[in-house]
Amino acid sequence: MLARSACRTASFAAPVTMRAALAVSAPRISHLARSLAVAPVQRRNGVRSMSGETAHIQHPNIGKFTNKADFVDKFEQPFATFRVMDEHGKVLDAANEPQVSEEQARKMMTTMLRLNVMDAILYDAQRQGRLSFYMTNYGEEATHIGSAAALLPEDVIFGQYREAGVLLWRGFTFQQVTDQCTGNHESADGGRMMPVHYGSRELNFHTISSPLATQLPQAAGAAYALKLQGREACTVCYFGDGAASEGDFHGALNFAATLECPVVFFCRNNGYAISTPIAEQYRGDGIAVRGVSYNILTIRCDGNDVWAVYTAMKEARRLAVEGKKPVLIEAMTYRGGHHSTSDDSSRYRGTDEVSSWTALNNPIARMRLWMEAKGWWDAEADKTARALARKEILEALVASEGKLGPSLDTLFEDVYADVPPSLRLQQQELHKHLAAYRDEYPVLDKLQGGLKTL
């Protein structure tokens, strides 16, 4: 079905002369002509034309001819990076001064701080053995909040695993975060997913998957569905520079471009794909040039400048929704922390590199300087926001740890509407085993319903 749909789209997108050049068998020519509502194809000197005259047929991608056998390995100019503020929070062009209220700016600043504090607490909790896994967002706070603030609630999000700030902006609570990370029975995913794999139907945020780049074609397909439904919304797909090396990246961009899907692809180019630096990952000019290669509207912005991200995403959303077309944003940022709690980044990068980014290009510091210059923020406001966030995340973590894990019967739910006999047999065997060796499974006391649910 998808293949037939793609073929139809390609056919209608081609010029009439190209349609006439399609290599179809003679019995199908009249059928093709009727479907395109044009005169039947005639042949002259082996060249088919729609009018009966000899047609000059040229490949649509030839462009212009040249008598020089030149090979091209790059664009004439490197891709420019859009920014609004410098590293000191000063707006470089008055025309780009953010048109936001003090209330919205304070919410953006507060959410960036809450994300930062949450990361610090939950990272330490994992090191204390209270969580099995965690991933911080240090250094990338502007990419989260700047982009999320420019979207509308009806826009559908497909994340990777480092976009917790987008969820916080949309209203995801600390309690929901810690319930998911501890895997208790009140977690939205039923305790099935590993930590930081958040999701929320209410907030239009698809549950994160561990396999890299799977969200890219899904976002393109969902955007196509929004288009067919006539909805004034887009999908937004977040991914890292490492995911752009996956085949799904190219399939998704080609799908979105040819079917003109209202999707914004948002690449967080943070310099590393786990331990692989970008210098060893690709030779091209970043990810932005790949968007242009697919004829997708593309912009590269300073990912540590919250207002550059906000401006880029706001315009990208407008282009995607109004024009029903894909857009690519490459946000140049830096991963300030380890890839995850399973990683030790000191093995492949120096502490001086991390310290330099933290001291000279910190997205939170840049936002704070901009806010202070407008009289909307000060040291006291910063201290108060951090203290409140710390109190709330600690309370949420303790509450989550006190909740029971999901009941055993959830092992057999949410796959089939009616549990098949084969699974029912497994359920009975599990019940017999646990009943016979109850003392060997103290974990049952920490699950909702214990052994009774079986």
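Helices (H or I, at least four residues) and strands (E, at least two) are DSSP runs, numbered from the N terminus. With that in hand, colour the whole chain by secondary structure: 16 helices and 10 strands should appear.

Before zooming in, note that this is a predicted model, where local features need pLDDT of at least 70, side-chain atom pairs count only at pLDDT 80 or more, and totals for chains, interfaces and linings use all residues. Residues are numbered from 1 along each chain as its sequence is written, and side-chain values use heavy atoms, leaving out hydrogens and water.

Now switch on the surface. The chain exposes about 23600 Å², and carbon and sulfur atoms supply 54% of that area (Shrake-Rupley method, 1.4 Å probe; for residues, only the protein chains shown count as cover). Of the 454 residues, 45% count as buried (under 20% relative accessible area, 1.4 Å probe, protein chains only).

Next, select residues 102–127, which form helix α4, and pick out Q126 within them. Is Q126 buried or exposed? Q126 counts as buried because its relative accessibility is 13%. Leaving aside neighbours within four places in sequence, Q126 is in contact (heavy atoms within 4.5 Å) with L131, S132, F133, Y134 and T341.

Then move to helix α14, residues 363–373, and select M371. M371 has a relative accessible area of 0%, so this residue is buried. Show A105, R106, M109, W376 and W377 too: M371 touches these residues, not counting those up to four places away in sequence. Try a distance label from M371 to A105: the C-alpha atoms are 7.7 Å apart, although 266 residues separate the pair in sequence.

Finally, zoom out to a contact map: among contacts with a separation of 6 or more, 72% join residues 24 or more positions apart.

Conventions. Buried < 20%, exposed > 50% of the residue type's maximum accessible area, 1.4 Å probe, protein only.
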